[in-house]
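User: Hi! Could you walk me through this model? I'd like to start with how the chains meet.

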Protein chains: 2
Amino acid sequence: MATDKALLTEQLQSVFIERGYDGATLVHLAHATGLSKASLYHHYPGGKPEMAATLVRHAIARLQRLAFQHLNANATPARALEAFIAGFGAYTNYGHSACFLAVISHHGTAHEEIAPLQLEIARQFEDWHQMLAATFEAMGNKPKRAERLAHELMASLYGALMNAKIHREPRLFEKALARLTKELTQTE
Amino acid sequence: MATDKALLTEQLQSVFIERGYDGATLVHLAHATGLSKASLYHHYPGGKPEMAATLVRHAIARLQRLAFQHLNANATPARALEAFIAGFGAYTNYGHSACFLAVISHHGTAHEEIAPLQLEIARQFEDWHQMLAATFEAMGNKPKRAERLAHELMASLYGALMNAKIHREPRLFEKALARLTKELTQTE
DNA sequence: GTCTATATAATGATAGAC
DNA sequence: GTCTATCATTATATAGAC
């Protein structure tokens, strides 16, 4: 049923996001992909840990391409931020999906199997944080303030996503994105 | 080993927060409490679903007592907000623990066993949102703006918690709390 | 590459002694 | 209330046919 590897990883990711690492059983994963458990082991001989590792790299590449990529484009910082925020919205399926990296990062603390992935994610977010801080510096903010604004923006994005999840109202996320875009591209 | 019920629920909650609902196995729960699996079934005949239900109510009561309670105290709105934010910090163990309600709310979508709890949590957060919005109104904001500020504050709190988790740096959460307190009790 | 069938281990849950 | 021992179920993982 899975036509290609890209679709396969997407389907697997959805299950991990919705059910967590331990809640995503091979039966769930097999059902979501239309494959048998044995076929999943053909694609991922290492089982769930290998799936998670592959999916983490896939998610990092996707978030980079959809959102953070725009911070390096040839555009004004304000336009770059606008595209970044819109890209983050696309990455989360406009508030309907959680972030796979956040899910794995949360489980990684207690789960030895995926603890290395948590470290990998932390390093990537550190890089992304620096990219975001550089953008705020390019808008005229001093380094310390730029770093603070970068943390605040990421917190606002993930906080809005969490808020929408708790309230069961994805629109809350979209409204937050619209507000953030307006705030950051006008005065700042 | 668990001296009383309060300690018992606290120990169980820690495991559910760190490992998620499905990752929190009875072996983990038994080890964390110092009890046997059979003894856990004596306290919670319904097993893990009953534990989760009890813990949700425990967490709601705790967050109400530590944080939202302050919004109804006899104090200026600014002082109430200050106490609220500090209470939220205490609730999360100053950025070292995630919010149990957020963890359950995330799993609830796909997990039938705890889907009713997700609804219960959503209703509680709706009440809390109204309390927070009322506080912002008391500070002179119009209803619509007060609601927006209430959502933004909750998103900032949970976003800072997530940010600290991803970066593996609990201090990021404390810094965010200090900044939020300063912002909300000065100008606004 | 995909499947059915199966092996092995872990999980939720119970019985019954103390 | 607590435990050990055990059960039934479900989980991960593999073997081997096609």
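Analyst: Happy to. The contact takes 33 residues from chain A and 33 residues from chain B, where two residues are in contact if their C-beta atoms, placed from the backbone, lie within 7 Å. One caution on reading this predicted model: local features need pLDDT of at least 70, side-chain atom pairs count only at pLDDT 80 or more, and totals for chains, interfaces and linings use all residues. Residues are numbered from 1 along each chain as its sequence is written, while chains are lettered from A and ligands numbered from 1 in the order in which they are written.

User: Which elements of chain A give two or more residues to the side that touches chain B?

Analyst: Those are α1 (5-23), α6 (100-108), α7 (115-138), α8 (143-167) and α9 (171-186) of chain A. Helices here are DSSP runs (H or I, at least four residues), as strands are (E, at least two), numbered from the N terminus. The largest share, twelve residues, comes from α8(A).

User: And what's the mix by class on that side of chain A?

Analyst: The side of chain A that touches chain B has 15 nonpolar, twelve polar and six charged residues. For the classes, Ala, Val, Leu, Ile, Met, Phe, Trp, Tyr, Cys and Pro count as nonpolar, Asp, Glu, Lys and Arg as charged, and the others, Gly among them, as polar.

User: How are the two copies related, then?

Analyst: Chain A can be laid on chain B with an RMSD of 0.0 Å by a turn of 180° and a shift of 0.0 Å along the axis. The two copies are thus related as by a two-fold rotation axis. The superposition is by least squares on the C-alpha atoms of residues with pLDDT of at least 70 in both.

User: Which C-alpha of chain A is nearest the axis?

Analyst: That of G159(A), 1.8 Å from the axis. The same surface serves both copies, too: 100% of the contact residues of chain A recur in chain B.

User: Nice. Switching to the DNA: what surrounds strand C?

Analyst: There are 14 residues around DNA strand C, and the closest are S36(A), A38(A), L26(B), A38(B) and G47(B). A residue is near a strand if its C-beta atom, placed from the backbone, lies within 6 Å of it. The largest share of this surface, four residues, comes from α3(A). By class, the surface near DNA strand C has six nonpolar, five polar and three charged residues.

User: And strand D, which residues come nearest there?

Analyst: L26(A), A38(A), G47(A), S36(B) and A38(B) come nearest, out of 14 residues around DNA strand D. At least two residues each are supplied by α2 (26-33) and α3 (37-43) of chain A and by α3 (37-43) of chain B. Here α3(B) gives the largest share, four residues. The class counts for the surface near DNA strand D are six nonpolar, five polar and three charged.

User: T33(A) caught my eye. Is that buried or exposed?

Analyst: T33(A) counts as buried, because 21 C-beta neighbours lie inside 10 Å. The cut-offs, with C-beta atoms placed from the backbone, are 20 or more other C-beta atoms within 10 Å for buried, 12 or fewer for exposed, and partly exposed in between. T33(A) is found in helix α2 of chain A. Its C-alpha is 9.6 Å from that of V15(A), with the two residues 18 apart in sequence.

User: What about the overall fold of chain A?

Analyst: Chain A has nine helices and zero strands. Of its 188 residues, 44% count as buried. The C-alpha atoms of chain A fill a box of roughly 55 × 30 × 30 Å, taken along the principal axes.

User: Which residues have the most contacts inside the largest nonpolar core?

Analyst: F16(A), F100(A), I104(A), L161(A), F16(B) and I104(B), in a core of 114 residues. A nonpolar core is a set of buried Ala, Val, Leu, Ile, Met, Phe, Trp, Tyr and Cys residues joined through C-beta atoms within 7 Å. Not counting residues up to four places away in sequence, F100(A) touches Q13(A), F16(A), I17(A), L55(A) and A59(A).

User: Last one: what's the phi of N93(A)?

Analyst: N93(A) has a positive phi of about 55° although it is not a glycine. Most residues other than glycine have a negative phi. N93(A) is found in the loop between α5 (77-91) and α6 of chain A, and counts as partly exposed with 13 C-beta neighbours inside 10 Å.
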